[in-house]
Amino acid sequence: MKRKLIMWNIMTLDGYFEGTKEWDLSFHENIWGPETEEFGLQQLESADFLVFGRKTYEGMAAYWKNEKGSIADLMNCIPKIVVSRTLKSADWNNTSLIRGDISNEIKRLKEEGGKDMYVFGSANLSETLMNENLFDEYRIGISPVILGNGNPLFKKDLKSYVLNLSSANVLKNGGVILTYTPKSEN
């Protein structure tokens with residue numbers, strides 16, 4: 001069975017995955033809780049790889065290297081791939097650096113089979129992967145916040161896709177986790 005590539009992101013109701021400054025993720029507090037923590041653990045337990053763009057990798061590595069707990073343990077031990085033309089090295093535990101054609105590498109890893117691969121954050125990398133039609137699933141946590149301004153998850157120059165809603169999980173804190181799959185072309 002092919003390995004799936006899954007996007008996991010939290011965004012505001014008006015579509016921003018980051019505020020106006022890098023790593024302005026304060027709206028995550030409005031969706032984070034026991035339900036999202038359990039969801040996060042389940043995702044990590046089903047992962048063979050975590051895939052990051054450079055900026056997300058640097059922020060995640062700086063945070064998770066020093067954290068403790070179940071999620072931190074998984075984040076630190078799961079193999080990671082960072083895609084960058086500028087990084088000289090990647091020193092977060094179990095990280096491989098890819099400088100070349102990420103699309104072919106993702107296709108190869110999907111064909112190998114195994115557990116899932118997740119892209120967290122990484123809007124620029126995600127745009128590339130979306131335009132190559134490589135995502136098998138989109139998992140989007142909607143934080144019940146209208147931010148008004150920030151960095152949008154879905155950029156203006158994306159190809160158009162029709163998606164199927166696979167699940168919608170309403171959280172006790174007012175957030176929603178939506179799962180979409182690309183609509184099959186028959």
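Asp-48, with a relative accessibility of 21%, counts as partly exposed, a class that lies between buried (under 20% relative accessible area) and exposed (over 50%), as found with a 1.4 Å probe on protein chains only. The model is a predicted one, in which local features need pLDDT of at least 70 and side-chain atom pairs count only at pLDDT 80 or more, while totals for chains, interfaces and linings use all residues. Residues are numbered from 1 along each chain as its sequence is written, and side-chain values use heavy atoms, with hydrogens and water left out.

Asp-48 belongs to strand S3; helices (H or I, at least four residues) and strands (E, at least two) are DSSP runs numbered from the N terminus. Although Asp-48 and Met-117 are 69 residues apart along the chain, their C-alpha atoms are separated by 5.8 Å. If residues up to four places away in sequence are not counted, Asp-48 touches Arg-3, Ile-78, Pro-79, Gly-113, Gly-114, Lys-115 and Asp-116, where contact means heavy atoms within 4.5 Å.

Helix H1 (residues 34-45) has Thr-36, Phe-39, Gly-40, Leu-41, Gln-43 and Leu-44 as its buried residues, and these pack against H3 as well as strands S1, S3, S6, S7 and S10. The axes of H1 and helix H3 (residues 70-77) come within 10 Å and cross at roughly 30 degrees, which makes H1 roughly parallel to H3, a term for angles under 35 degrees. Axes here are lines fitted to C-alpha atoms, for helices over the stretch in contact, and angles run from 0 to 180 degrees between N-to-C directions. Where the two helices meet, Glu-37, Leu-41, Leu-44 and Glu-45 of H1 are in contact with Ser-70, Ile-71, Leu-74 and Met-75 of H3.

Helix H5 (residues 123-131) is mostly covered, since seven of its nine residues are buried, among them Leu-125, Leu-129 and Met-130.

Positive phi values are set out below.

| Residue | Place | Phi |
|---|---|---|
| Asn-94 | loop between S4 and S5 | near 60 degrees |
| Ser-122 | loop between S6 and H5 | near 55 degrees |
| Asn-133 | just after H5 | about 55 degrees |

Asn-94 is partly exposed, with a relative accessible area of 39%, whereas Ser-122, at 4% relative accessibility, counts as buried.

Technical notes. Parallel < 35°, antiparallel > 145°, perpendicular 65-115°, else oblique.
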